[in-house]
Amino acid sequence: MQPTPSTDTTTVSPRETRPRAHKGFAFFWLVPLAAVGLTAYLFYQTIQAEGTDIEITFDTAKGLVPGKSEVHYHGVKVGLVKKVTLNDDLRSVQVHVQLDSTANNLARSDSKFWIVHPQISLSGISGLETLISGNYIEVLTGDKGDPTTKFTGLNHPDGRDPMSPDMYLRLVATRMPSVGVDSPILFRQMPVGQVVGLNYDVDKHQAQIDIHIYKEYTGLIRQETRFWNTSGLDVSMGLNGVTIKSPALDSILFGSISLGIPDAVQSTSPPVPDGSEFQLFDSVEQMIAHEAETINKTDIGVGLVLTLRLEQSQGIMTETTKLKYRGIEVGKVVSIQLAPDLNGVLVKVLLTPKYQSLAKSNSRVVMVWPQIQIKNVSTVQVPPDLVQGPYLRIEPGDGAACTDFAVTETDEDTYRPMDGLHIVLKTGRVGKLIPGSSIYYRGVRVGQVETSALASNGQAVQLRVVIGSDYAPLVRANTRFWNCSGISTNISLLGGMQVKSESVTSVLEGGIAFATPDNAQMGARANTGATFDLADQSEDAWLKWQPTISLNQ
């Protein structure tokens, strides 16, 4: 059987093939996609490299140059000033800053900006590097602020760095001390910190001094720590010239503040938190006067506080009256107050550390009043303490250490008991006359005043005086006494001016003179207890009397 022939008449060209379906990704698209990705990455990197743009408002932009002035953080460049514009209020400027990408975290609300420029003052030279690089913006920041791009710049540096391990404190005083930014804080002459800011609070009427204590010395800051000003010079002036006491030279030039804490309580006194406030005393003497009852100043290197008890404080002045040993100043009075029992006065004296061995249980403290000693017209001895008043003298003894002493009111009393004729003089006023005041006969000292008291009727003063035994015959019933203190002056048109005085000593110290009439009128010898009137001045006739009286009677 023959096969049936095909009826399909389609012919296939030997070159014609059927298309096959394409499967997978077309690799040629990778090129444009890679280009787009690279462009996006470069754009992102560019944005990141430029950092954050911020705006700072200042009162003035003096010294800032767009494109040149930098922003510094801890001495490292972290940004650049891009533009400076004047605000609409015409009272401030807007500084546009671009921070580096590594400094974006500085754009926080607790960041502080100020312009650094060179300054020369008694506290030193600051911003000296700006003479070469130009003014720049300094920034300090914390780590608690929220992100922001708007800031108000400070007019003055803010020395408080929240990121620093140092301790920051505020000292308050009634007046601003002679210190400046960067002035040292000293502990026993060792720098332990520095001043970082000064301000005056008008509402509180107090000066505010911000300081920071280096981290290695923060253990010195306790509740018992005290601060005092050690700037400037201590100048005192008297008849012996001008005395100037000064701290170290840098404290004179730049000012300084000292701190102290008793060794005995340094480990037990409670610590204080960062930012605590302390009082700043004007001087170590003022600090001692304020704290002497509660702190033993021996431990802080400023001296030992002695408590002296006196009947009265006449002539004694704080920070002026000195304690001396063999003429050398070894201490100074720092406070005066009534005794708790109101029976006397308590005087606090700061004894210099190297002289603390003088304070023994058997030591003696006396108060010495300066006196002018007149030997003759050409010899006048003027003590150097005449202007400054009395001083205290310590005479060391033995025994245990002691800080409480009863003071002998005067060491060299002008009054010494005298044997002789004791009589009474009546006067309306005492004037310069005191126990020990001299009594003169023809310019020769022959007696002295013993006591003074009001008469029983209160209308006169009675002076009990004594005339030396050798001179008792000079006083007679009609003897006349007068007050020769000071100078007597008589002025008339015809006679001119007459000046009379008994002696230079009586002018300065006060005294009494007397004269006895000629033999016929002198009367009998005066007896003990006799009373005479004391005239304010002599009469001319009294001065002409020249009786002959034997002193050997």
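Helices and strands here are DSSP runs, with at least four residues for a helix and at least two for a strand. Counted that way, the chain in this predicted model has seven helices and 36 strands. Its mean pLDDT is 78, and 72% of the residues get to 70 or more. Two stretches do less well: pLDDT stays under 50 over residues 235-244, where the model has 19 contacts beyond four places in sequence, and also over residues 372-384, where there are 22 such contacts.

Now for the chain as a whole. Of its 553 residues, 39% are buried. Take the contacts between residues at least 6 apart in sequence, and 69% of them turn out to join residues at least 24 apart. The chain exposes about 32600 Å², with carbon and sulfur atoms supplying 53% of that area.

One feature to look for is a barrel. Seven strands close it, in the order E19-E22-E21-E20-E26-E23-E27, and their pairing is mixed. On average, neighbouring strands of this sheet are turned by 35° against each other, direction ignored. Within the barrel, strand E20 (residues 322-325) runs antiparallel to strand E21 (residues 328-338), and four bridges join them. One place to spot this pairing is Lys324, whose bridge partner in E21 is Glu329.

Just by this part of the barrel comes Thr321, which sits in the loop between strand E19 (304-310) and E20. Thr321 counts as buried because its relative accessibility is 1%, and the cut-off for buried is under 20%. What surrounds it? Leaving out neighbours within four places in sequence, Thr321 touches Gly315, Ile316, Lys332, Val333, Pro390, Tyr391 and Leu392. The side chain of Thr321 also reaches the backbone nitrogen of Met317, at 2.8 Å.

Elsewhere in the chain, strand E8 (residues 136-140) is mostly covered, with five of its five residues buried. Tyr136, Glu138 and Leu140 point one way from E8, while Ile137 and Val139 point the other way, and all of them are buried. E8 pairs with strand E2 (residues 70-73) in parallel, through two bridges. Strand E5 (residues 112-116) pairs with E8 too, but in the antiparallel sense and over five bridges. Ile137 is a handy residue for seeing both pairings: Val71 has Ile137 as its bridge partner in E8, and Ile115 stands opposite Ile137 as well.

Technical notes
Residues are numbered from 1 along each chain as its sequence is written. This is a predicted model: local features need pLDDT of at least 70, side-chain atom pairs count only at pLDDT 80 or more; totals for chains, interfaces and linings use all residues. Side-chain values use heavy atoms; hydrogens and water are left out. Two strands pair if DSSP finds at least two bridges between them. Axes are lines fitted to C-alpha atoms, for helices over the stretch in contact, and angles run from 0 to 180 degrees between N-to-C directions. Buried means under 20% relative accessible area, exposed over 50%, partly exposed in between (1.4 Å probe, protein chains only). Contact means heavy atoms within 4.5 Å. Accessible areas come from the Shrake-Rupley method with a 1.4 Å probe; for residues, only the protein chains shown count as cover. A polar contact is a pair of N or O atoms within 3.5 Å; within protein, one must be able to donate a hydrogen and the other to accept it, and residues adjacent in sequence count only if both atoms are side-chain atoms. pLDDT is the predictor's confidence in each residue, from 0 to 100.
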